[in-house]
Amino acid sequence: MMFCANCGNKMYQVCGRGWEHEKEYFVCATYHKIKGGCISHQIRNAVVEELLLDGIRRVTAFARDCEDEFVEMVTKKTRSELDKSMRDSKRELEQAQARIAKLDEIIQRLYEDNIEGKISDERFVKMTAKTEQQTLEKRVTELKSIMTEEKESALNVDHFLSLVRKYTDIKELTAEIIREFVEKIYVYKAERIDGRRVQRIKIVWNCIGEFEPPISTSTIKHEKSA
């Protein structure tokens, strides 16, 4: 679930025999494997756990105490994101279908030229190899599947609310709670702000994506001195 916010690669768990939990940390896999491949940054397990627990508590508290407002906010955000994604997918689908139709016309003309003896059979076979057409047809199938899945999974706020009701008082993290609530966690490079080392993470929630209770603006950006 842990990803580098800079390169998008997974975070690599680092621990050693006999290490206390406080010493265990995550580091960007790209930076770990490729020198200069990404920015050097890491985050301790304990810090992630504390920020994650705080994030889950804040989101579930808002969803529980202000359910109508929560549903309205998530629904509005999700529909906006879905509309954009669907527009992009529809545009690509139409372009792919138009290109396939054009290729069909070209192949038909080549077939007629071949029948009339204007091009040889060997040349005809070579010119009508359907590599591009097959790739486009495969992409069309993928896009149709993506659009169907997006429609079906767009509004899962009810499922998230069922999780909120299931876990009414979360005092500590468990593997089950993390799997239920969290899809991804993005880790940013630590920064120096007013002399303090500040670590940020962004949480992408299951069912509702990125969501920040109306305490602050923008996406979830938890801060903690580390």
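Q: In what order do the strands of the open sheet stand, and how do they pair?
A: In this predicted model, the open sheet has 3 strands, which follow the order β2-β3-β4 and pair in an antiparallel manner.

Q: Why is one side of β2 and one side of β4 left without a neighbour in the sheet?
A: Strands β2 (11-14) and β4 (42-44) are at the edges of the sheet and each has a single partner strand, so a neighbour is missing on one side of each.

Q: By how many degrees are neighbouring strands of this sheet turned against each other?
A: The turn between neighbouring strands is 25° on average, with direction ignored.

Q: How many bridges join β3 to β4, and which residue of β4 stands opposite Y25?
A: Pairing of strands is read from the bridges between them, with at least two needed; here strand β3 (residues 25-28) and β4 run antiparallel and are joined by 3 bridges. Within this part of the sheet, Y25 has R44 in β4 standing opposite.

Q: Which helix lies across these strands, and at what angle does it run to β4?
A: Helix α2, made of residues 45-65, lies across β2, β3 and β4, and its direction makes an angle of about 75° with β4.

Q: How many helices and strands are there in the protein chain, and what share of its residues is buried?
A: The protein chain has 7 helices and 8 strands. A residue is called buried when its relative accessible area is under 20%, and 35% of the 226 residues in the chain are buried. The accessible surface of the protein chain is about 14300 Å², and carbon and sulfur atoms account for 48% of this surface.

Note on methods:
Residues are numbered from 1 along each chain as its sequence is written. This is a predicted model: local features need pLDDT of at least 70, side-chain atom pairs count only at pLDDT 80 or more; totals for chains, interfaces and linings use all residues. Side-chain values use heavy atoms; hydrogens and water are left out. Helices (H or I, at least four residues) and strands (E, at least two) are DSSP runs, numbered from the N terminus. Axes are lines fitted to C-alpha atoms, for helices over the stretch in contact, and angles run from 0 to 180 degrees between N-to-C directions. Contact means heavy atoms within 4.5 Å. Buried means under 20% relative accessible area, exposed over 50%, partly exposed in between (1.4 Å probe, protein chains only). Accessible areas come from the Shrake-Rupley method with a 1.4 Å probe; for residues, only the protein chains shown count as cover.
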